[in-house]
Amino acid sequence: MGTKAELAVEVKSPADKLWTALRDSTELFPKIFPQQYQSIETVEGDGKSAGTVRLLKYAEGVPMLTFAKEKLELADDENKVVSYSVVDGELVNFYKNFKITLKVSPAAKEGEAGAVVNWSMEFDKANDQVPDPDVIKETATKTFHDLDDYLLKN
């Protein structure tokens, strides 16, 4: 793949709790992020294993996107790593390849509560006029912080 963008987000929630919420995002995200997701459903596979395909329908007001299909490429619960590729939807018109990987780790400092989410996005633009997907990186950061706030209250 051509270009890679990365970020690390520190959260207050424990790594195990955050990981469980991320793995349950099919059910959880439309409930806690209705401004982003109209629905998320599993259309192939068991919803948790590599090979699973999910259909994400975005809420009205999400710029340029109405839906995406993503294929789970890697699901490693022991190491808290998940990776998926976008296989259908508006993003495939802009990016020939689009892959997200995230890893949840306990807080960097020994004895501290919380976790770190290491998130990366790899992509190949369909052409030179396509902008970098900076808004997706910004949305990911906000989502991890908002999810953390939700988990700390529930």
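Contact, in this tour, means heavy atoms within 4.5 Å of each other. The model on screen is predicted.

**Stop 1: helix H4**

Select residues 134–153, which form helix H4. The 20 residues of H4 should span 28 Å at 1.5 Å a residue, and the 29 Å between its end C-alpha atoms agrees with that.

Next, pick out Ile136, Ala140, Thr143, Phe144, Leu147, Asp148 and Leu151, the buried residues of H4. Around the axis these residues take up an arc of only 130°, and therefore they lie on the same side of H4. Residues three or four places apart point the same way in an α-helix, because there are 3.6 residues a turn. Turn the view to the other side of H4, where Glu138 and Lys153 are exposed.

What lies over the buried residues of H4? The cover includes three helices and strands from several parts of the chain to display in turn: strand E1 (3–11), H1, H2, helix H3 (91–94), strand E6 (95–106) and strand E7 (115–125).

**Stop 2: helix H2**

Select residues 25–32 for helix H2. Is H2 mostly covered or mostly uncovered? Of its 8 residues, 6 are buried, and H2 is mostly covered. Color Ser25, Thr26, Leu28, Phe29, Pro30 and Ile32 to see the buried residues of H2. Add H1, strand E2 (37–44), strand E3 (53–58) and H4, which are among the elements that cover them.

**Stop 3: H2 against H4**

Two packed helices are described by the angle between their axes and the distance between the axes. Keep H2 and H4 on display: their axes are 12 Å apart and the packing angle is about 90°. Roughly perpendicular covers angles of 65 to 115 degrees, which makes H2 roughly perpendicular to H4.

Now show side chains where the two helices meet. H2 brings Leu28, Phe29 and Ile32, and H4 brings Thr143, Leu147 and Tyr150. Sorted by class, this contact of H2 with H4 has 5 nonpolar residues, 1 polar residue and no charged residues. Two of the H4 residues in this contact, Thr143 and Leu147, also belong to the buried set of H4. On the H2 side, Leu28, Phe29 and Ile32 are listed among the buried residues of H2.

**Stop 4: H1 against H2**

Hide H4 and bring up helix H1, residues 15–23. The axes of H1 and H2 are 6 Å apart, and the helices pack at an angle of about 90°. H1 and H2 are therefore roughly perpendicular to each other. Ala21, Leu22 and Arg23 make the contact from H1, while Ser25, Leu28 and Phe29 make it from H2. By class, the contact of H1 with H2 holds 4 nonpolar, 1 polar and 1 charged residues. Leu28 and Phe29 take part here and in the contact with H4 as well.

**Stop 5: strand E6**

Move to strand E6 and select Phe98. Phe98 counts as buried because its relative accessibility is 4%. Draw a distance from Phe98 to Asp24: the C-alpha atoms are 22 Å apart, and the two residues are 74 residues apart in sequence.

Ser105 lies in strand E6 too. Its relative accessible area is 17%, under the 20% cut-off, and Ser105 is therefore buried. Which residues does Ser105 contact, leaving aside neighbours within four places in sequence? They are Ala15, Ala115, Val116 and Asn118.

**Stop 6: strand E3**

Select Val53, in strand E3. With 7% relative accessibility, Val53 counts as buried. Beyond its neighbours within four places in sequence, Val53 has contacts with Glu41, Thr42, Val43 and Glu44, and also with Lys69, Glu70 and Lys71. Measure from Val53 to Tyr84 for a pair 31 residues apart along the chain; 9.1 Å separates their C-alpha atoms.

**Stop 7: two loop residues with positive phi**

Select Met64, in the loop between E3 and strand E4 (67–76). Its phi is near 70°, a positive value in a residue other than glycine. At 61% relative accessibility, Met64 counts as exposed.

End at Lys80, in the loop between E4 and strand E5 (81–89). Lys80 is not glycine either, and its phi is positive, near 55°. Is Lys80 buried or exposed? The relative accessibility of Lys80 is 15%, which means that Lys80 counts as buried.

Key: Residues are numbered from 1 along each chain as its sequence is written. This is a predicted model: local features need pLDDT of at least 70, side-chain atom pairs count only at pLDDT 80 or more; totals for chains, interfaces and linings use all residues. Side-chain values use heavy atoms; hydrogens and water are left out. Axes are lines fitted to C-alpha atoms, for helices over the stretch in contact, and angles run from 0 to 180 degrees between N-to-C directions. Helices (H or I, at least four residues) and strands (E, at least two) are DSSP runs, numbered from the N terminus. Angles under 35 degrees count as roughly parallel, over 145 as roughly antiparallel, 65 to 115 as roughly perpendicular and the rest as oblique. Ala, Val, Leu, Ile, Met, Phe, Trp, Tyr, Cys and Pro count as nonpolar, Asp, Glu, Lys and Arg as charged, and the others, Gly among them, as polar. The expected span of a helix is 1.5 Å times one less than its number of residues. Buried means under 20% relative accessible area, exposed over 50%, partly exposed in between (1.4 Å probe, protein chains only). The arc is that of the directions from the helix axis to the C-beta atoms.
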